[in-house]
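Grab a pencil and get ready to work through a few exercises. Try each one yourself before you read the solution.

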Amino acid sequence: MGEHKHVDLHIGKFEAPQWMKTLSFVLMAIGLITFAVGLIKNQDRLWTSYLVSFFFFSCMGLSGLFWVAINNTAKAGWSVSIRRFAEATTSFIPFILVFGLILLFGFKKLFIWADPKILAESPVIAAKTAYLNPTFFVIRLLVFVVGCMIFKWVMVGNSLKQDKTGDDNLTHKNVGPAVGFIAFFALAFSFFSVDLIMSLLPTWYSTIFGIYCFSGLFQAGLAFLAITIVFMRRSGLVKGYVTVEHQHDVVKYLKGFSIFWAYIAFSQFMLMWYANIPEETEYYIMRSMGGWMSISVGLLIFRFVVPFLALLPRAAKRSDTNVLLISTLVLVMQYVDIYWMVYPNFNDGHVVFGFWEIGIFAGFAGLFLLCIMNFWTKNSLVPLKDPRMHEALNHHVAY
């Protein structure tokens with residue numbers, strides 16, 4: 001164990017800088033303008049770019065709730081002081097419902113199985129209509145998002161309530177909902193991923209697609225958490241409560257899930273390549289033609305190889321600059337990965353990227369940033385009255 005050194009504790013109140021507020025509103029304005037122009041000029045590109053950004057930021061919000069759930073389930077004490085950073089991202093979850101309903105307006109532009117002509121021409125797709133039909137799609141979407149909202153209100157609500165009441169029982173009351181959420185999330189997020197992404201190519205299937213999407217979700221969520229920790233430590237608002245020791249362990253998680261993502265990605269590819277069954281290989285054939293091969297290789301290098309090697313040394317996990325660079329790279333690769341899953345199904349399989357993708361992403365990013373700033377402004381940055389806070393304050397990484 002490392003030698004314990006006394007550190008003065010200081011918790012400040014977060015006040016969003018004016019430039020951050022301005023930036024968030026400018027980004028949202030760009031997104032709204034892009035969306036409005038896209039409805040008139042280019043609905044095909046509008047809805048594909050909308051789907052990519054919607055799924056990206058949905059994953060960001062959900063990753064925070066999953067982090068809260070697993071730490072409550074494990075009754076972890078070391079992570080108490082950084083839990084509020086993850087809780088902040090869950091403030092975006094209600095907007096998943098809003099933007100999910102908006103997505104329904106582009107339904108026929110995205111999902112060919114919603115077109116009666118396609119069903120008449122393809123018996124393979126028509127055979128899946130018991131699952132792939134608009135009514136059941138909407139029901140699954142509502143069940144998933146509303147379910148996540150309920151778990152969020154319970155777990156994050158108890159955490160915030162404890163700030164006011166100091167009731168230790170609220171910590172223990174979160175264990176049950178946390179376990180329930182993990183069970184719910186395991187199944188429901190798989191449906192969410194299959195419905196929004198895999199069903200874009202309804203003739204293809206993968207039994208681990210949901211796990212693949214989850215691995216990307218949590219790796220990206222950990223990257224964002226690591227970035228937040230670095231900036232909060234530098235701000236001096238959480239002095240003594242959040243240290244390089246917490247950063248070290250979160251980055252270990254990040255490195256671990258970089259490996260997990262690669263493992264799932266390789267498992268999905270290798271089994272299909274080895275079996276060489278046409279209805280399985282079409283997905284990868286589409287992503288090995290033209291510019292998509294370069295993106296496929298880039299994903300492997302920059303989402304696995306670089307983060308794994310760059311985060312391997314102990315000192316690298318404790319270097320703010322290194323953590324910021326690699327975490328940002330992981331977030332970029334999360335977007336590229338979702339783009340890689342969606343776009344080969346459209347635009348005649350060509351690689352296209354430009355105004356529509358950037359503008360829509362900017363709008364979502366602005367709202368996501370605003371949600372987080374509002375959460376931090378209204379609530380304490382650290383759950384000071386959590387009974388396990390002493391474990392977080394005395395947390396040290398021995399290796």
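The exercises below look at one helix and two loop residues in this predicted model.

**Exercise 1.** Work out whether the end-to-end distance of helix 10 agrees with its number of residues.

*Solution.* Start with the count: helix 10 covers residues 175-196, which is 22 residues. At 1.5 Å a residue, helix 10 should span 32 Å. Now check the ends: the C-alpha atoms there are 30 Å apart, so the two values agree. While you're at it, look at Phe 185, where helix 10 bends by about 30°.

**Exercise 2.** Find buried residues of helix 10, then find what they pack against.

*Solution.* First, pick out the buried residues, which include Phe 181, Phe 185, Phe 189 and Phe 192. So Phe 185, the site of the bend, is on the buried list too. Next, look at the neighbours: the buried residues of helix 10 pack against helix 2 (43-73), helix 4 (93-103), helix 8 (134-165), helix 9 (169-173) and helix 11 (209-235).

**Exercise 3.** Place Lys 75 and Asn 276 in their loops, and decide how exposed Lys 75 and Asn 276 are.

*Solution.* Take Lys 75 to begin with: it sits in the loop between helix 2 and helix 3 (83-89). Its phi is near 55°, a positive value in a residue other than glycine. Its relative accessibility is 48%, so Lys 75 counts as partly exposed.

Now for Asn 276, in the loop between helix 12 (244-275) and helix 13 (278-286). Phi of Asn 276 is positive, near 55°. Exposed means over 50%, and Asn 276 has 56% relative accessibility, so Asn 276 counts as exposed.

Definitions and conventions:
Residues numbered from 1 in each chain as written. Predicted model: local features only at pLDDT ≥ 70, side-chain atom pairs only at ≥ 80, totals over all residues. Heavy atoms only, no water. Helix = DSSP H or I, 4+ residues; strand = E, 2+ residues; numbered from the N terminus. Expected span 1.5 Å × (residues − 1). Bend = angle between axes of the 7 residues up to and from the residue. Buried < 20%, exposed > 50% of the residue type's maximum accessible area, 1.4 Å probe, protein only. Contact = heavy atoms within 4.5 Å.
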